[in-house]
Amino acid sequence: MIDSVLAILSAVMLGLGGFFMVSGAIGLLRFPDFYSRMHAASMTDTLGSYLVVGGLMLTAGWGLPLFKLALILVFIFFTSPTAGHALAKSAQHCDLRLPGGGASTKKADNEISGSAQGPDSRDVVSADRV
Amino acid sequence: MIIATAIALLVVMVLALVRALLGPTIHDRILAVNVFGTKTVLLISVICFISGRPEFLDIALVYALINFVSIIGVLKYFEYQGRDEREGMQ
Amino acid sequence: MLLSALYNYWVVILLMMTGLYMVIAQGNLIKKVIGLNIFQTSVFIFYISVGKVAGGSAPILSQLTTVYSNPLPHVLILTAIVVGIATTALALALILRIRQAYGSVEEQDILAGDGQC
Amino acid sequence: MELILDIALLSLLLVTAVYIAWTRDLFAAVILAGIYGLLSASFFMSMGAVDVAFTEAAVGAGISPLLMLSTLAICGRAQRANPQRALLALLTVGVVGALLITATLEMPAFGSPDAPAHLHVAPRYIADSMREIGIPNVVTSVLASYRAFDTLGEVVVIFTAGLGVLSLLGLRGDVREEPIHSPMAEPSHLVLRVVGKVLIPPILLFALYVQFHGEYGPGGGFQAGVIFAVGFILYSLVFGLEAVEKIVNRALVQALAAVGVLIYGTVGLLGIVSGRNYLDYSGLAGDSVAGQHLGIIAIELGVGITVASVMMIVFFVFSAQLARGRAVPHAS
């Protein structure tokens, strides 16, 4: 009884996790600018990982694998949002602008090399000249 | 369901790879690598369960750590680079 | 049938050729090192593919299974990966010194710099 | 499922490699090389090569992109094209590739159990290693006992490469013109500093686990060394190079790189002293299985120490170079 409930629960969690991750990846691919892609990717990334690892934990049974999965969960809990935060901060820091030009006004609190350069000193194109 | 999850993970990896190839900015690529890394952690855990030897989760664990370190490293060097190009332009 | 039997080897060869192309065609020394790394990884993939036994599990003995992949390629490649990163580091250090001496990491500039001396 | 995984991962690898060759933005190339490392490790995992996947995880996705990026940050990321060379190269590559593909038609089918590679020594390793060495991880027993001499060579190569990097870049690093400044060490990265502080102890603990669990599961000296170094690399990324040098003395790390090789060699000599061959550990303890076990633990420790110190030396030399970077005058 307990086993079948666990199996169903685990299948539901794995399925939901897969759904969230795929939807996040579609967002990563289709959204128009960096910050909204970032939003789609990092939110679903964290939730999808929790669901998948949680689903695996339910099938693992007692033992070392369960403990390791729990560790993975804890690490993802710490690293995934932090990486997202650092990434967004770095994008803002490098003056990556939204199409509307919102982000470049916020760089007054970044002390990097004074405030001499205008918003064009480092635009999206020069950040990635292929 | 585990197999369906593995296939979903592969699909996500393909989409993230496409984003990493398309760019357009370097931050998009870094974001794609980050997503890709997390998905690799999950894919490896899932492979462990599919192949019936879940004691190999150490590898997924090491990925979860290394991925974070490399993202931080990439961002750090990009800040160096950004500061440099800015100084060059003045 | 042929596809599933030889697909791994074909991909290995295509990767190897991509690496070789980068080493020959690109003038930038860093790009050459990345090309060498790709070439190296293709060899790793080749060894691991050769070592795979259908239905075989990882070569860590357990009661659950009796068929294992061949452990010997794993040993060779495991050490090769770490040696590979050490030699890559050495190559990158050489590139940094070349840049200090010539002011560039492009092959053409370096050759031109040699011609002047 | 295995076949789908295999084909999908290999195709992704191929796409990534071709894009790396095609792009002219070196920064993108290096980032994609990171993805390439992740993919190849997943591939190794799906092939059942857990130890290899472990090593590739730590090296291919972690340290190698970091080293390349620090080189890039000094050398610039633009790259020049060379069209006439490209044509010649394409021709060469096409001919060589066609020849090699013809050669693969003679290869035994992928995964066939009666391929020549599986008939010679591997069955003996799998059948007898439990009785002779007494540890379940066949890869570790082959690495550290059956082929220990080979591994000694690899460790010496790693040590030599570390020495080479040090002599090329490190020796002038003692004279420092300006204080090393790390953007990540600024207070604006508060979240990163806190999370970094939380994560470093588990990384080091995990490295020790990998080091001493290598006989029973995937792991061993090579992997543990890299993970241990990654712990310190994370510290230096978050808190700056000066902070690390307060903790780990540079001279000590350089000495430890040699100590690891010496431990390995000494254990080999102990084999001779106990009346056996070089690197035969059977005589180290009462019965031969216990002796083998002891010897493997000792040499794995040597490997781990050398790998960890060489990786740390290399990374710190590169970041010191990066921090000083443009203070060095160009010859141009």
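Where in chain D does Leu279(D) lie? In this predicted model, Leu279(D) sits in the loop that runs between helix H11 (250–273) and helix H12 (288–324) of chain D. Its backbone deserves a look, since Leu279(D) has a positive phi of about 65° although it is not a glycine. Most residues other than glycine have a negative phi. Leu279(D) is also buried: 23 other C-beta atoms lie within 10 Å, where 20 or more are needed for a residue to count as buried.

Elsewhere in chain D, helix H4 (residues 83–104) offers a case of the opposite kind, because the number of buried residues among the 22 of H4(D) is one, so this helix lies largely in the open. The length of H4(D) can be checked as well: at 1.5 Å a residue, its 22 residues should span 32 Å, and its end C-alpha atoms are 31 Å apart, which agrees.

Turning to chain C, the secondary structure consists of four helices and zero strands, which follow one another along the sequence in the pattern α-α-α-α. The radius of gyration of chain C is 20 Å, well over the 13 Å that the globule rule gives for 117 residues, so chain C is more spread out than a compact globule. Along the principal axes, the C-alpha atoms of chain C fill a box of roughly 70 × 30 × 15 Å. Buried residues nevertheless make up 59% of the 117 residues in chain C, and, among the contacts in chain C with a separation of 6 or more, 40% are between residues 24 or more positions apart.

The two chains meet where 75 residues of chain C are in contact with 86 residues of chain D. On the side of chain C that touches chain D, helix H1 (2–25), helix H2 (29–51) and helix H3 (71–102) of chain C each supply at least two residues, and the largest share, 26 residues, comes from H3(C). By residue type, this side of chain C divides into 49 nonpolar, 21 polar and five charged residues.

How far the picture can be trusted is a matter for the predictor's own scores. Chain C averages a pLDDT of 87, and 97% of its residues score at least 70. Within chain C, confidence is highest in H2(C), at a mean of 92, and lowest in helix H4 (residues 107–116) of chain C, at 80. For the complex, the predictor gives an ipTM of 0.86 and a pTM of 0.87. Where pLDDT is low, the predicted coordinates should not be read in detail.

Conventions
Residues numbered from 1 in each chain as written. Chains lettered and ligands numbered in written order. Predicted model: local features only at pLDDT ≥ 70, side-chain atom pairs only at ≥ 80, totals over all residues. Rg over C-alpha atoms; globule rule 2.2 N^0.38 Å. Buried ≥ 20, exposed ≤ 12 C-beta atoms within 10 Å, placed from the backbone. Contact = placed C-beta atoms within 7 Å. Nonpolar A, V, L, I, M, F, W, Y, C, P; charged D, E, K, R; others polar. Expected span 1.5 Å × (residues − 1). pLDDT = per-residue confidence, 0-100.
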